[in-house]
Amino acid sequence: MTRKRIEITTGFVQADYNFWVGKYMDKFYDGLESKQVLGNRCPTCNRVFVPPRKVCGNCFKTIDLSNNWVKLKDTGTLRNFTTTRIAVSEAGKKKTSEAIPIGMVQFDGSDTSVVYPLLDVQEKDLTIGLKVQVVWNDELKGHPRDIKGFRMLKGGER
Amino acid sequence: MNKVGIVGYYQVPPALDHNMGRYELIFQAVRGALDNVGLKHKDVTSVVSATNDYYDGRTISNCFTVEAGGGYMKDETKVEMDGAFAVHYGMLRALTGHHKLVLVWGGSMSSCYPYSSSTLLSTDPTFERPLELINDMTAGAFQMRAYMNHFNVSAEDIAQVAVKNRRNATSNELALPESQLPAATTEMILKADVLSSPVTELMYSHPCDGAACIILAPEQQALKIRDDPVWITGVGYSQEAYYLGDRDLTQSQSMKNAAQMAYKMAGVKDPKKETDVAEVFEHFAHEEMIFSEALGFCKPGEGASLSTEIGGELPINPSGGAMSGNTPCATGMIRLIEAAKQIHGDASEHQVKDVHRVVASGQIGLCAQNNILFVLERGGRK
């Protein structure tokens, strides 16, 4: 049996797709553009979500768009972290030369965590519970990348 | 309630890169299951498959599998999840009283698509996906660290699960050859290449090519086909929150919920005492421990204390589990096949003695967002 491979490497399942972010995320992204992280509070269970939600899954109640917004500080707590040299994109994965730590960060005043790069720090210096602060990108576009990542706060620094 | 029996099954040996097309893999699984019990394609009344549009590179992936999968001109549908969920769908069809023989199959060829990218594509398309940080490996790493940190579990304890499963895989003739490590040690597992710290390559159930098939029949019909069908006596499933940051990764609440439902249905009161074997879909070594706790085999955080090797107090994954070959869309179904083999005494080198009841699980989603648990029991005429 011959063992020939036909590989189609480009274009095969490539298609443009638009996501309408919805009114809640629209407000959230607008917030990022002015360096303001916004969460919203479920009026029933009082959990504060980042990113904001229309529906609290636990209570199965709509969180009204016109209120329940919570302006959060740019500080938080490191809840989890990992380091990888494997960069996964929509097209595949590749090895990277640098191991970049990423973390799950819970913004102060919120009840959920978001995943972002941890900047200027090595894995050996990370522990769960560290205080962190947002590092904003120089250019703000109303995009998740407006938050470049989080930096570690030194003892007592706020 | 009427029971549904597993009357036949077949697993195509997994490979990292099969020299077969999808049609051939699927046909081998389906034909093999029918031939194993001497059934004909015309006996089949309903077909349920588990495939994925992304994995197959074709929208409505069951549109092209209809011939090879036995669904041509039959009652036919698809589940875009793990194969274990398709088995549940097939079971419901058998319970309607209108279907005498239901064929359920699942499979994919991971050699043809970037598996980890498919997991990135499951994240929030505008908030998480552009950052390209969350995928199966980084999510699994968060889960492992959350579990270790919360319960003070060591990486060595977790590596021990990989040692057991990779050793067990050596006695499983249908295990992926590359997954087998007869002389595995915890050191070897811990020193393997890091995928995403603290998860190493050998703690990970590597995606591969393969397919599997299970044939189901309602009680009366099952007993006409064979004297010893394996009965599905309980099933439960549950799903957790979408965002990783909303979830408690130290445990599996969805598996707990699934187990509660399945045990209640099967009348299982003390799962540790009343279960002879567990075959769980562990995407990572640590997930097996998290699941064994959710299944009520031990207290939270004490998964490491359970003796789970073949011949131990409660053997878990005597086949090597998903670590012995993770075929997306078939992995959970293969756990069910392994469970049935254990009950039939057909598990050859990895057979556990005197097996009457087995629990088997499937999962899908980052950090096992969605879990399904089956209770399977030895059948036979009363």
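Of the contacts in chain A with a separation of 6 or more, 53% are between residues 24 or more positions apart. The model in which these contacts occur is predicted. Chain A contains one helix and 10 strands. Along the sequence the order is α-β-β-β-β-β-β-β-β-β-β, with the helix ahead of the strands. Chain A has 158 residues, and 27% of them are buried.

Strand S6(A), residues 75-89, is a convenient place to look at how the strands of chain A pair. S6(A) runs antiparallel to strand S7(A), residues 92-107, and 12 bridges join the two. The connection between S6(A) and S7(A) is a hairpin of two residues. Within this pairing, A:Phe81 stands opposite A:Gly103 of S7(A). S6(A) also pairs with strand S9(A), residues 131-136, again antiparallel, through three bridges. Here A:Thr75 has A:Gln133 of S9(A) as its bridge partner. As a general point on such elements, side chains in a regular strand alternate between the two faces of the sheet.

Chain A also touches chain B. The contact draws 30 residues from chain A and 32 residues from chain B. On the chain B side, at least two residues each come from helix H4(B) (115-120), helix H5(B) (136-151) and strand S5(B) (194-196). H5(B) provides the largest share of that side, with seven residues. Sorted by class, the side of chain B that touches chain A has 17 nonpolar residues, 11 polar residues and four charged residues.

Another part of chain B to follow is helix H9(B), residues 253-266. Its 14 residues reach 20 Å from the first C-alpha to the last, close to the 20 Å expected at 1.5 Å a residue. Which residues of H9(B) are buried? They are B:Ser254, B:Met255, B:Lys256, B:Ala258, B:Ala259, B:Ala262, B:Tyr263 and B:Ala266. The list includes B:Lys256, a residue of the charged class, along with B:Ala258 and B:Ala259, which count as nonpolar.

The buried residues of H9(B) pack against two strands and two helices of chain B: strand S8(B) (230-239), helix H10(B) (271-274), helix H11(B) (285-294) and strand S11(B) (370-378). After H9(B) comes B:Gly267, which has a positive phi, near 75°.

Conventions. Residues are numbered from 1 along each chain as its sequence is written. Chains are lettered from A and ligands numbered from 1 in the order in which they are written. This is a predicted model: local features need pLDDT of at least 70, side-chain atom pairs count only at pLDDT 80 or more; totals for chains, interfaces and linings use all residues. Two residues are in contact if their C-beta atoms, placed from the backbone, lie within 7 Å. Helices (H or I, at least four residues) and strands (E, at least two) are DSSP runs, numbered from the N terminus. Two strands pair if DSSP finds at least two bridges between them. The expected span of a helix is 1.5 Å times one less than its number of residues. A residue is buried if 20 or more other C-beta atoms lie within 10 Å of its own, exposed if 12 or fewer, and partly exposed in between; C-beta atoms are placed from the backbone.
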